[in-house]
Amino acid sequence: MTEISFSRRVLIVLSRISVPKQIERPLRRITANVLFAATLLSGSPVEARELTQAELQHFEKLAFYQANEYRGTIAKFVEPVIFSIHGNPTKRDLALLRIATRDVAANVPHTFRYSGEAPGNLRVIYSDDLKNLIVKDFASSLKKLFLEGDKMVEVFEKKFSNETVHCLNIPVVRKGEIIVQYVFVKTNLKENLSKKCVIEYILSAIGLSGYLDPRDINEAIKETALISQNDFYSMTELDIVAARVLYSEKVHPGMAWDEFRKLLPFEIDDMGTQ
């Protein structure tokens, strides 16, 4: 019979305890962090495990796809991520953004910080009129940043004409390294929509740009995620693992899926770090 470690036994017991959903994830994270610290202090080795099939599927979908189309290679920041805020956000917009960025910074093994007034390399831009902002005010920047900037402006004009756009991100990527990310967010959205919009597009901005449609999620993933798949108001446990795999030292900008598969089985420790 395989011996189960103390930390894993504690986490298994916690998984069987019924607690209110609003405190379930914070409780699990606090417990995991305490166990991780205790393991370090005791000098015991941190347990490693292989990615589950559900985690691997989630990572592939988020890291190698963009807007549900196969992108083919990894895109990630190499330099520290510096958030800067622009436009006309409301107080509620700022509060929700802080929650989302703290969530990401706490769970991704990379350096994140806020800039002062200077533009950072992850620029969150709020506007109550995204269409005019992007296809008019930002059009000249698109033409300077991209060789096909004129075509991009046309695509965005059609996009705004055909659908309601609440959020949008435009990356500047060189050989898989994200140089700058522009995240556009409409102000004064309903709170739940704003939460979903911000966390989804911040994750997209750091390189997890695939969209996992809740209708396509298999049963294994449904059982693993700790929040409703229709909400996406914060990072799920699967998102956390995917982000930590993406920002592992083994995973480099521009890496193709076939190259990543050579790293399998990919091991992470019980706290989700590589």
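# A guided tour from a disulfide to a sheet

Start by selecting cysteine 167 and cysteine 197: they form a disulfide, with their sulfur atoms 1.1 Å apart. Keep in mind as you look around that this is a predicted model. The torsion about the S-S bond of this pair is about 135°, so the disulfide is right-handed. Now colour the two ends of the link. Cysteine 167 sits in strand S7 and cysteine 197 in helix H8 (residues 191–205), so select both elements; the pair links distant parts of the chain, 30 residues apart.

Is cysteine 167 buried or exposed? Cysteine 167 is buried, with a relative accessible area of 5%. Cysteine 197 counts as buried too, at 6% relative accessibility.

**Next stop: the sheet**

Follow S7 into its sheet. Five strands make up this open sheet, in the order S5-S4-S6-S8-S7, and their pairing is mixed. Which strands stand at the edges? They are strand S5 (112–114) and S7; each has a single partner strand, so one side of each is left without a neighbour in the sheet. Look along the sheet for its twist: neighbouring strands are turned by 20° against each other on average, direction ignored.

At the S5 end, select strand S4 (residues 81–87), which pairs with S5 in the parallel sense over three bridges. Here you can find valine 81 standing opposite phenylalanine 112 in S5.

**Next stop: helix H5**

Select helix H5 (residues 130–137) and show the side chains of Leu130, Leu133, Ile134 and Val135, which are buried. Why are they on the same side of H5? They cover an arc of only 165° around the axis, which puts them there. A general rule helps here: an α-helix has 3.6 residues a turn, so residues three or four places apart point the same way. Now turn to the face of H5 away from its buried side, where you will meet the exposed residues Lys136 and Asp137.

What covers the buried residues of H5? The cover includes strand S6 (122–127), strand S7 (167–174) and strand S8 (177–186), along with helix H6 (139–145) and helix H7 (149–162). H5 lies across S6, S7 and S8, and runs at about 140° to S8.

**Last stop: the whole chain**

Zoom out to see the chain with its eleven helices and nine strands. Buried residues make up 43% of its 274 residues. Switch on the surface: the chain exposes about 15,100 Å², and carbon and sulfur atoms supply 52% of that. Among contacts between residues at least 6 apart in sequence, 74% join residues at least 24 apart.

Note on methods
Residues are numbered from 1 along each chain as its sequence is written. This is a predicted model: local features need pLDDT of at least 70, side-chain atom pairs count only at pLDDT 80 or more; totals for chains, interfaces and linings use all residues. Side-chain values use heavy atoms; hydrogens and water are left out. Helices (H or I, at least four residues) and strands (E, at least two) are DSSP runs, numbered from the N terminus. Buried means under 20% relative accessible area, exposed over 50%, partly exposed in between (1.4 Å probe, protein chains only). Contact means heavy atoms within 4.5 Å. Accessible areas come from the Shrake-Rupley method with a 1.4 Å probe; for residues, only the protein chains shown count as cover. The arc is that of the directions from the helix axis to the C-beta atoms. A disulfide is a pair of cysteine sulfur atoms within 2.5 Å. Two strands pair if DSSP finds at least two bridges between them. Axes are lines fitted to C-alpha atoms, for helices over the stretch in contact, and angles run from 0 to 180 degrees between N-to-C directions.
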